[in-house]
Amino acid sequence: MIQSFRAKIARLPRTLQMCVALLCGAVGGLAQEPYNIPGTLLVCLCAGFFLHAGTKNHWHAARTGWLFGTGYFLLCLTWITEPFMVDAGRHGWMAPFALVLLGAGLALFWGFAFGVARAFGSSWALVLTWPLAEISRAYIFTGFPWAMPPQATVDVVAGQALAWVGPHGLMLGGCFAAWGIVCVGHWVRWGLLAASFGVLIAPVPNTDIALTDHTVRLVQPNAPQHEKWDADKFPVFTNRLLDATAAGDAPDLVIWPETALPYLARHAGPVFAAAAERARGAPVVTGLQRYEDGKYFNSLVVVQTGGIVSHTYDKHHLVPFGEYLPLAPLMERLGLRGLAENFGSGFGAGPGPQVLDLGELGKALPLICYEAVFAHDVSGAPSRPDFLVQVTNDAWFGAGKGPLQHLAQARMRSIEQGLPMARAANTGISAMIGPKGQVLASLPLNQAGFVDARLPVPLPPTLYSRTGDLPVTLTLLVLLVLTAGLKRRKATLSRR
């Protein structure tokens, strides 16, 4: 039946074949937030192997993979237009170009994977090249692994494998299952299909979570991006932060979101003092901007009793075009200034991951917004922390898809490391995340307020936290070399 159906697609006009590839890729996007239908991820992967098996040569396969990936990324990344609409008069014209160029650009990785696999002459090679393409997407040109297929698994049993093999190992497992379903014998196919769907629809079992005695307060001021830097609104949003900090019983730690304060750090002394007073002895972690040695930094500081800053962390993994302009002289000549233009060529980058000692609460690894997208950044911490802290301004990402997907990525980092995460987001979703990715307490989108939550106890170090991406990458490369050797051996034997 599969062979017959594949033959029918091959007989379609080229335009219709292209539309089928786009549509199949878009189906995979339904696995991601806000649709959150993880079972469609398996449908997407199987469709990829199905389409690849019907290609005629490596160029046909590359085009098919690129179209397939374009459909997937266009559906997943529609939120990318939101930052350009904050100041629509200046940047709105860029929005459709950003979506199309980003979606089609990321799809090049999938097109390359499909083309190389076809050059090997078997669909098995795609089991190896597709995860390698995703690894490349996470690292090349500073990386952009947003909407990685395993991101759709945080609510289901399959996602718990992140603690063992990380996102790329889980991608390899998904590709292997899809290859078996599409390309292997009847009984293997149905067994893999049942098992794969089972782990993609079964929710994570509820288990008791060990909690510390420390209460963390996550404050969500809900400052819309178009009002965030309006001087008339500064007192409104600052007072929301201070009032939420002073409410109720004193917590053990207070966290405000990314750039929560509209002042540079050197001008924020009075607010630091007011925050410390209202926190009643608890440290206050807040995001804000710093200026030093001719550079602006997107930073996080820890404010102690008396308004004294005990720790400063500068974001090191910056957003291209949003926080810095790659190849700035060339881009400016082309008229592409990006969203970072108010800071010259953008923000300065910090030296790298940094663990902050917060005394009785333990050690925290700070992540500012975009940094939580990268599994290898969290793995690159100089020492193992007791918990993760993410401060973010998801007002940039709109009112739905972007913030929900960003939260899913934060949950991935907790599962991978076996660490809880305290996440404060300007417009939401602020959440306390358990070490298995569970959302233990949260505030909904676009609601001002705060939530108090007990800090969970970290789990023992996971296998992935010890190994990172290197074992999976080496395994894929070795298997690809062996596959090439087998292909060459078969070709030699066939000529005899």
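**Exercise 1. Work out how helix α9 (residues 162-183) and helix α10 (residues 186-201) pack: what is the angle, and how far apart are the axes?**

Keep in mind that this is a predicted model.

Step 1. Start with the two descriptors: two packed helices are described by the angle between their axes and the distance between the axes. For α9 and α10, the angle is about 140 degrees and the axes lie 8 Å apart.

Step 2. Now classify the angle. Roughly antiparallel needs an angle over 145, so α9 counts as oblique to α10.

Step 3. Add the hand: α9 passes α10 in a left-handed crossing.

Step 4. List who touches whom. From α9 come Ala177, Gly180, Ile181 and Val182, and from α10 come Arg189, Leu192, Leu193 and Ser196. Sort these residues of the α9 contact with α10 by class, and you get five nonpolar, two polar and one charged.

**Exercise 2. Do the same for helix α2 (residues 14-29) and helix α4 (residues 58-76): at what angle do they pack?**

Step 1. The pair packs at about 45 degrees, with axes 7 Å apart.

Step 2. Roughly parallel would take an angle under 35 degrees, and roughly perpendicular starts at 65, so α2 is oblique to α4.

Step 3. Is the crossing of α2 and α4 left-handed or right-handed? Right-handed.

Step 4. On to the contact itself. The α2 side includes Arg14, Met18, Leu22 and Cys24, while the α4 side includes His60, Arg63, Leu67 and Phe68. By class, the contact of α2 with α4 has ten nonpolar, eight polar and two charged residues.

**Exercise 3. Place strand β3 (residues 284-292) among its partners: which strands pair with β3, and in what sense?**

Step 1. Check the cover first. Seven of the nine residues in β3 are buried, so the strand is mostly covered.

Step 2. Take one partner. Strand β2 (residues 253-255) pairs with β3 in the parallel sense, over two bridges. Valine 254 has valine 284 of β3 as its bridge partner.

Step 3. Take the other one. Strand β4 (residues 295-304) pairs with β3 in the antiparallel sense, over nine bridges. Here valine 284 turns up again, with valine 303 in β4 as its bridge partner.

Step 4. Put the two together: valine 284 is bridged to valine 254 and to valine 303 of β4.

Step 5. Finish at the turn. The hairpin of β3 and β4 has two residues between the strands, and aspartate 293 takes a positive phi near 55 degrees there.

Definitions and conventions
Residues numbered from 1 in each chain as written. Predicted model: local features only at pLDDT ≥ 70, side-chain atom pairs only at ≥ 80, totals over all residues. Heavy atoms only, no water. Axes fitted to C-alpha atoms, helices over the stretch in contact; angles between N-to-C directions. Helix = DSSP H or I, 4+ residues; strand = E, 2+ residues; numbered from the N terminus. Parallel < 35°, antiparallel > 145°, perpendicular 65-115°, else oblique. Left-handed = near helix turned anticlockwise from the far one by under 90°. Contact = heavy atoms within 4.5 Å. Nonpolar A, V, L, I, M, F, W, Y, C, P; charged D, E, K, R; others polar. Buried < 20%, exposed > 50% of the residue type's maximum accessible area, 1.4 Å probe, protein only. Pairing = 2+ DSSP bridges.
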